[in-house]
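Look at the structure below and follow the chain from strand to strand. The text takes up one pair of residues, then the strands around it, and then some turns and loops.

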Amino acid sequence: MYAAAELATRDDGPKEDHIVSLAGLTWQDYERLLEARGDRSAPRLTYLCGVLQIMNPSYDHEAIKSMLARLFEAYCMDLGIDFMAVGSWTIKDQKEERGAEPDECYVFGTERKERPDLAIEVIWTSGGLSKLDVYRLLGVPEVWIWRHGALAVHVLRGEQFERRPRSVRFPDLDLDLLVTFLDRPSVTRAVRDFRAALAARG
């Protein structure tokens, strides 16, 4: 993986993830494309008021989102937090003309819900639709956006997202510490080292 300094200064211009945006598509067009793609996790489709974004994520995009997810899940499991990881779950609302598929998302507790409690997005290639604009009226309460080696926390208040220094649901989770383990060569080593760091803190 990449060293922290490399990630902080990396140019994320549109060159690695393949992103195409199409304007003037109806909700029915979006539904037909979802049906044609089926249960595959790619390409990821985002719809916002007539604009459809199609993204095929790169290897590095997928590796980072997976490592972030495994680190977070290790934290939850060590604390005995009940969660369901639902990956790129398609969440949509025809009335609001919005649909999205997070890089990763989670439901906490044991009950099935209509929306994830947390969505995680990786910006490896900039450009395209603002996922926050989509999630805002889909009612996703918390979104973490990784970019340039850091995680930004956005919490829904009313119909607007507010940037917060820490997660509201997980205020004791040090996200700055978590992302330092993305430079490990494997998920196994990243999770092992993260757990050791948490244990050392007591």
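In this predicted model, Arg 147 stands opposite Ala 150, a residue of strand β10. Arg 147 belongs to strand β9, which covers residues 142–147. Strands β9 and β10 run antiparallel and are joined by six bridges. The two strands form a hairpin with two residues between them, and His 148 there takes a positive phi near 55°.

On to the next strand. β10 also pairs with strand β11 (residues 160–164), again in the antiparallel sense, over five bridges. Here His 154 stands opposite Arg 163 in β11. β10 and β11 form a hairpin too, with two residues between them. In its turn, Gly 158 has a positive phi of about 70°.

How many of the eight residues of strand β10 are buried? Six of them are, so β10 (residues 150–157) is largely enclosed by the rest of the structure. Buried here means a relative accessible area under 20%.

Positive phi values also occur in two loops, at Cys 49 and at Glu 97. Cys 49 lies in the loop between β2 (44–48) and β3 (51–56). Its phi is near 50°, and Cys 49 is not a glycine. The relative accessibility of Cys 49 is 44%, so this residue counts as partly exposed.

Glu 97 sits in the loop between β5 (91–93) and β6 (98–100). Glu 97 is not a glycine either, yet its phi is positive, at about 55°. With 34% relative accessibility, Glu 97 is therefore counted as partly exposed.

Definitions and conventions: Residues are numbered from 1 along each chain as its sequence is written. This is a predicted model: local features need pLDDT of at least 70, side-chain atom pairs count only at pLDDT 80 or more; totals for chains, interfaces and linings use all residues. Side-chain values use heavy atoms; hydrogens and water are left out. Buried means under 20% relative accessible area, exposed over 50%, partly exposed in between (1.4 Å probe, protein chains only). Helices (H or I, at least four residues) and strands (E, at least two) are DSSP runs, numbered from the N terminus. Two strands pair if DSSP finds at least two bridges between them.
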